Amino acid sequence: MQILHRANETHEWWREAVIYQIYPRSFASSGGPIGDLGGITSRLGYIKQLGADAIWLSPFYRSPQKDAGYDVADYRSVDPMFGDNHAAEAMIEKAHLLDLKVIVDLVPNHTSDQHAWFQAALAGGKDAPERAHYWFRDGKGEGGNEPPNDWLSVFGGPAWTRVKDRADAPGSPWENDDSWYLHLFDSSQPDLNWTDPAVHEEFNSILRYWLDRGADGFRVDVAHGLAKDPELPDWQYHWDMVSGGSEVPENVPAPPQWNRPEVHEIYREWRGVLNDYGQPALVAEAWLGDPKDMKLYVRRDEMSQAFNFDFLISPFEEAAYRKVIAESLAEMDAVGAPTTWVLSNHDVVRAASRFGLSTMGKGPNGIRAWEEQPDAALGARRALAAHALQAALPGSLYIYQGEELSLPEHTSLPDEVRQDPTFFRTNGAEAGRDGCRVPLPWLAEHPSFGFSPDGSSWLPQPHEWTELAMDRQALDPNSSLNFFKKMYQLRKVVGLGSAELLEADGPGLHYVSRAQGRDPLHIVTAFDEPVELPAGARVVLASSEVTQAGGEKAEGYVPANSTVWYVVDRQGL
Ligand code: NOJ
């Protein structure tokens with residue numbers, strides 16, 4: 001037996017919360033083809049009934065939408081596409097009435113190139129004071145024709161663009177400007193320079209702006225990227241989204257742009273701002289690939305949570321799960337932080353498809369019709385099992401909209417409808433993330449599956465989603481949706497306490513969760529082969545019994561690729 005985690009006495013709301021990720025453009029629309037705040041507000045009851053404690057919304061701020069809102073032009077106003085600031089306040093108010101906390105997205109690594117600062121930096125030429133907010137540099141080589149260093153954009157191609165090469169340069173005041181600017185993502189997302197005190201002041205003020213309007217926390221985009229080595233030394237490796245430095249060869253120098261110690265000073269400063277407002281959460285989106293690094297972001301005077309992407313990219317295999325669960329709990333416990341479980345988000349192939357590919361792990365950047373197609377039934381079955389495995393582990397968890405419906409990735413989107421900049425910056429070599437961002441199916445028999453009142457949808461939805469639509473699943477007691485509801489209800493009833501990993505003689509991952517005053521809850525995940533249950537085990541939850549996952553009764557054993565929760569004593573549940 002291995003003690004994974006001992007219950008602790010700290011009870012901030014985010015420590016054990018179930019947090020539902022809303023991707024605003026694809027959740028629900030109150031008008032046309034793009035989801036909006038009105039649509040979200042009208043469906044908050046659904047999220048509450050699912051058993052969530054909080055929502056996190058991807059950005060809804062004013063933006064040219066070159067990276068689906070992760071290119072912010074004005075951090076204090078809602079993009080007209082999503083509504084207005086009154087709609088945001090109404091949404092937060094309704095969420096609070098339902099006792100749902102609201103986490104909003106904060107994008108501090110870069111702004112949009114349409115942000116007033118960047119526009120002034122372009123228009124004002126080399127001496128513009130606004131250039132200090134970004135990384136403008138002269139080029140190298142003859143005539144400064146080469147970028148200042150060899151850094152790569154996460155989205156593909158170089159991380160620098162020369163001002164005069166911008167599409168808007170001809171005829172503009174910057175048409176002859178030969179300076180370059182840094183963008184670790186798209187050329188429309190210039191990186192901010194966090195050595196500039198004005199950048200600090202501005203973000204402290206943005207934090208207060210949304211806290212004053214009721215926000216209960218912030219998900220911090222690219223939290224490991226804000227600080228750069230001011231010398232900007234060469235470093236030509238690709239740092240992957242979500243899996244971080246896992247593809248970087250060993251023995252190369254530490255990256256000058258990722259995971260630098262200076263980022264922690266920024267989060268300490270923010271913690272100071274947040275402390276004036278009670279217990280707001282700060283959630284790190286940091287792709288590091290090592291829980292030892294991750295724990296530094298959630299020390300007591302910094303952030304509250306950090307997405308456990310090592311768990312997300314783990315294959316559905318016993319040894320991999322044993323390792324990542326034990327390591328991440330140990331590391332987070334060492335600094336008194338909760339582990340933050342996550343299986344999907346708007347940047348990766350949906351779990352229900354990822355787990356159905358022949359090679360599991362982070363998966364490809366999108367899937368196209370002529371590429372390997374996931375085994376849909378196997379993928380959905382494993383995804384449910386992984387959800388049930390994580391839902392009784394200590395810590396908080398994030399669920400991405402549609403996971404409760406076991407939605408798969410859209411794997412046959414035509415290239416003409418793609419919008420993700422990664423598709424364009426890799427010249428189509430990567431399909432990109434549109435397949436996990438398809439608008440949700442609410443009503444099986446309606447155009448656009450009831451996503452919008454006028455039946456339109458910004459991306460086409462697969463026909464197979466008819467059976468997965470929310471209204472169908474609501475009526476089916478063995479649906480994925482009802483499984484999630486039951487699971488989150490039970491999670492509250494049994495509570496999360498300490499956790500012990502058991503060494504079983506046979507196959508399967510076994511752990512016990514012990515909450516104060518409750519009977520122990522046993523959790524068993526079977527991988528490639530079924531696992532026998534001990535005599536007297538009373539099954540309280542079985543992922544295999546979900547219709548989409550095979551409908552196998554977990555009587556006396558845990559079927560392959562599934563998870564069972566059971567109690568031995570009847571009392572307490
Ligand atoms: C991470 C976000 O989740 C992703 O969608 C975005 O493209 C990048 N950060 C850049 O902001």
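Which residues does the UniProt annotation "domain: Glycosyl hydrolase family 13 catalytic" cover? According to that record, an unreviewed entry, the annotation covers residues 21-437, and selecting this span is a good way to begin, bearing in mind throughout that the model on screen is predicted. Once residues 21-437 are highlighted, look for the two ends of the span, whose C-alpha atoms lie 12 Å apart, and then switch to a cartoon view, in which 28% of the span is helix and 11% is strand.

Next, select the ligand together with its surroundings, which comprise 13 residues. The closest of these residues are D67, R219, D221, H346 and D347, and it helps to show their side chains as sticks. Starting with D221, you can find a polar atom of its side chain 2.6 Å from an oxygen atom of the ligand. Now add H110, where an N or O atom of the side chain is 3.0 Å from a ligand oxygen atom, and then R433, which also places a polar side-chain atom 3.0 Å from an oxygen atom of the ligand. If you turn on a surface at this point, keep in mind that the ligand on its own has 300 Å² of accessible area, and that the protein covers 100% of it.

From the ligand, move to residues 136-137, 160-162 and 180-182, which are strand 7, strand 8 and strand 9. These 3 strands form an open sheet in the order 7-9-8, with antiparallel pairing. Strand 7 and strand 8 stand at the edges and have a single partner strand each, so one side of each is left without a neighbour in the sheet. Between strand 8 and strand 9 there are 3 bridges, and by labelling T161 you can see that this residue stands opposite Y181 in strand 9.

For the last stop, select another open sheet, this one made of 6 strands in the order 1-15-16-17-21-19 and paired in antiparallel fashion. Its edge strands are strand 1 (2-5) and strand 19 (538-542), each of which pairs on one side only, and from one strand to the next the twist averages 30 degrees. Zoom in on strand 1, which 3 bridges join to the antiparallel strand 15 (residues 498-502); there, Q2 has L501 as its bridge partner.

Two helices can then be added to this view. Helix 10 (residues 318-334) packs on the sheet, where it touches strand 1, strand 15 and strand 16 (509-514), and its direction makes about 60 degrees with that of strand 1. Helix 12 (residues 376-391) lies across strand 16, strand 17 (521-526), strand 19 and strand 21 (562-567), and runs at about 35 degrees to strand 21.

Note on methods
Residues are numbered from 1 along each chain as its sequence is written. This is a predicted model: local features need pLDDT of at least 70, side-chain atom pairs count only at pLDDT 80 or more; totals for chains, interfaces and linings use all residues. Side-chain values use heavy atoms; hydrogens and water are left out. Two strands pair if DSSP finds at least two bridges between them. Helices (H or I, at least four residues) and strands (E, at least two) are DSSP runs, numbered from the N terminus. Axes are lines fitted to C-alpha atoms, for helices over the stretch in contact, and angles run from 0 to 180 degrees between N-to-C directions. Contact means heavy atoms within 4.5 Å. A residue is near a molecule or strand if one of its heavy atoms lies within 4 Å of it. A polar contact is a pair of N or O atoms within 3.5 Å; within protein, one must be able to donate a hydrogen and the other to accept it, and residues adjacent in sequence count only if both atoms are side-chain atoms. Accessible areas come from the Shrake-Rupley method with a 1.4 Å probe; for residues, only the protein chains shown count as cover. UniProt positions are given in the numbering used here, feature names are shortened, and annotations may be inferred rather than shown by experiment.
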